[in-house]
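Hi everyone, thanks for making time. I'd like to walk you through one structure today, so let me put it on the screen.

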Amino acid sequence: MNYVPHTKAQIEDMLERIGVESVRALFEAVPPEYRFPSIHVPEPVSEIEIKKELRKAAESNTDLQHISCFLGAGAYHHYVPSVVDHVLSRSEFYTAYTPYQPEVSQGTLQSIFEYQTMICDLTAMEVSNASHYDGATAMAESVIMAQNVSRERRTKVVISPTVHPEYLATVRTYTQGMEMEIVAPEDPSTDLDTLIDQVDENTACLIVQNPDFLGRIHDLNGVAEKVHAHQALLVVACDPISLGLLKPPGEMDADIVLGEGQSLGNPLNYGGPYLGFFTCKKEYVRRLAGRLVGQTTDVEGRRGYVLTLATREQHIRRERATSNICTNQGLNALAAAVYLATLGKCGLTQVAELCYHKSHYAAKAIDDLEDYDVEFEMPFFKEFVVRCPTSVGEINERLLQEHDILGGYDLGRAYTQFQDHMLVCVTEMNSAEQIDDLVRALEEVGGS
């Protein structure tokens, strides 16, 4: 029985729009021997044999237990205390779904409430939701929220050119069809004053990242006042680890603070799943996407936890609903909560200080090399820009193949102005020996 709902005319119309002659032609990129019905499935083997084959395949992968890593650019190699995985592995957390029924979901609700509390403390903000899919999604949601907050539905957003380029791409994708004007200068040297000058009476928000994608630390004092003069919102994306050392955006009167929470107890995991944290001022809570867990007391005076705010159209009137964030990153948020509770205020500060001092040690050593220059124009946290004597791709290939070192991010991929420039990241996981090895390797593979 054919369950495909499309008519022949609809299929022909779709194929014409994308410039393909037939449905079969869509699969020409797949080698013929792997297309149905020519698929040749190997004979069945025993469990012992298949485990041996899978183990051999897994051992061909590169992992950060056997090489040193200086790659960041939004995903970071930080230490994850063993207690994080122990808590995550508990069946009541590992298999938990949306806590619709508070009477049977107190554990999940409390863990989310604790997560929200710690994220608010970290960012110095008043309200946190129960997470987004990742930092890029959180930034896109901030644009929609800022527009919804403005009574006249403002249609302009000003974004710093040094926010994560993938976050900017996600914002553009999210706002397709919304008739939004995204003002994002291409020159990464564009300063804050120039960005603020772009804010006008039709601007919903100004979005900046601190530390920015290039690792640089900006002074945001006074920025919110200038943005608020136009009744626009200030949105700040940040690295949560940096908040162990830097002044939190909430103390600089930011309206929305967001970011990628992967570095809070979540491993790199081949790029996901990750965790987007999202906080805002209490006055905007009704426009918050996702869900909000609150603390209350029952009829007997006992403390309990409930879904205080659920913004799905299934729960409230459709015209008042915000984004339908239903299956959120609950397990990742739990990891962040356990990580923050384990480290505490002093532990997080120690991690941030290690990142700061180790990265500055590495930057000075690399800058001392004859053929490399480090950008020291602005203070930086744990990432810094290095001008290389040749292609970053060539340098990284030799670093990996000859020295077992995963090099920095090729900034030429994101900015035409930064051809042959590398973004190097140093965290507490990089020992002094690894940093010294990197410096020696860079001298060898890039020397004139």
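**Strands, a helix, a pocket and some charges**

Let's start with a strand pairing: Arg387 has His421 as its bridge partner in strand S15. Before going on, please keep in mind that this is a predicted model.

Arg387 also has a partner on another strand, since Asp373 finds its bridge partner in S12, and that partner is Arg387. Now for the strands themselves. S12 covers residues 383-387, and S15 covers residues 421-425. These two run antiparallel and are joined by 5 bridges. With strand S11, residues 373-374, S12 pairs over 2 bridges, again in the antiparallel sense. How many of the 5 residues of S12 are buried? The count is 4, so the strand is mostly covered, taking buried as under 20% relative accessible area.

Next, please look at helix H5, residues 106-123. Here is a small check you may enjoy. With 18 residues at 1.5 Å a residue, H5 should span 26 Å, and its end C-alpha atoms are indeed 26 Å apart, which agrees. Many of you will want to know what is covered here: the buried residues of H5 include Thr108, Leu109, Ser111, Ile112, Phe113, Tyr115 and Gln116. Further along the helix, Ile119, Cys120, Leu122 and Thr123 are buried as well. Just after H5 comes Ala124, and its phi is positive, near 60°.

On to the empty space. The largest pocket holds about 1200 Å³. Which residues come closest to its centre? They are Ala75, Leu268, Tyr270, Gly271 and Tyr274, out of 43 residues in the lining. By class, that lining has 22 nonpolar residues, 16 polar ones and 5 charged ones. Several elements contribute at least two lining residues each: strand S1 (68-69), helix H6 (135-149) and helix H7 (165-174).

Let me finish with charges. Side chains of opposite charge can pair when their charged atoms come close. The salt bridge count for this model comes to 15, and I've picked three pairs.

The first is Arg154 with Glu152, where the closest N and O atoms are 2.8 Å apart. Are the two partners buried or exposed? Arg154 is buried, at 3% relative accessible area, while Glu152 is partly exposed, at 49%.

The second pair is Lys226 and Asp193, whose side chains meet at 3.9 Å, N to O. Lys226 belongs to helix H9 (residues 223-228) and Asp193 to helix H8 (residues 192-197), so this salt bridge ties together parts that are 33 residues apart in sequence. Lys226 is partly exposed, with a relative accessible area of 45%, and Asp193 is partly exposed too, at 46%.

The third pair is Asp255 and Lys281, with a salt bridge of 3.2 Å, N to O. This one links distant parts of the chain, 26 residues apart. Asp255 sits in the loop between strand S6 (233-237) and strand S7 (256-260), and Lys281 in the loop between strand S8 (276-280) and strand S9 (291-297). Why do both count as buried? The cut-off is under 20% relative accessible area, and Asp255 has 1% while Lys281 has 14%. Through salt bridges that share partners, Asp253 joins Asp255 and Lys281 in one network.

That's my tour. Thanks for listening, and I'm happy to take questions.

Conventions
Residues numbered from 1 in each chain as written. Predicted model: local features only at pLDDT ≥ 70, side-chain atom pairs only at ≥ 80, totals over all residues. Heavy atoms only, no water. Expected span 1.5 Å × (residues − 1). Buried < 20%, exposed > 50% of the residue type's maximum accessible area, 1.4 Å probe, protein only. 1 Å grid on protein atoms, 1.4 Å probe; cavity = no way out; pocket = protein on both sides within 12 Å on 5 of 7 lines; lining within 4 Å. Points joined across faces, edges and corners; volume = space filled by probe spheres on them. Nonpolar A, V, L, I, M, F, W, Y, C, P; charged D, E, K, R; others polar. Pairing = 2+ DSSP bridges. Salt bridge = Lys/Arg side-chain N within 4 Å of Asp/Glu carboxyl O.
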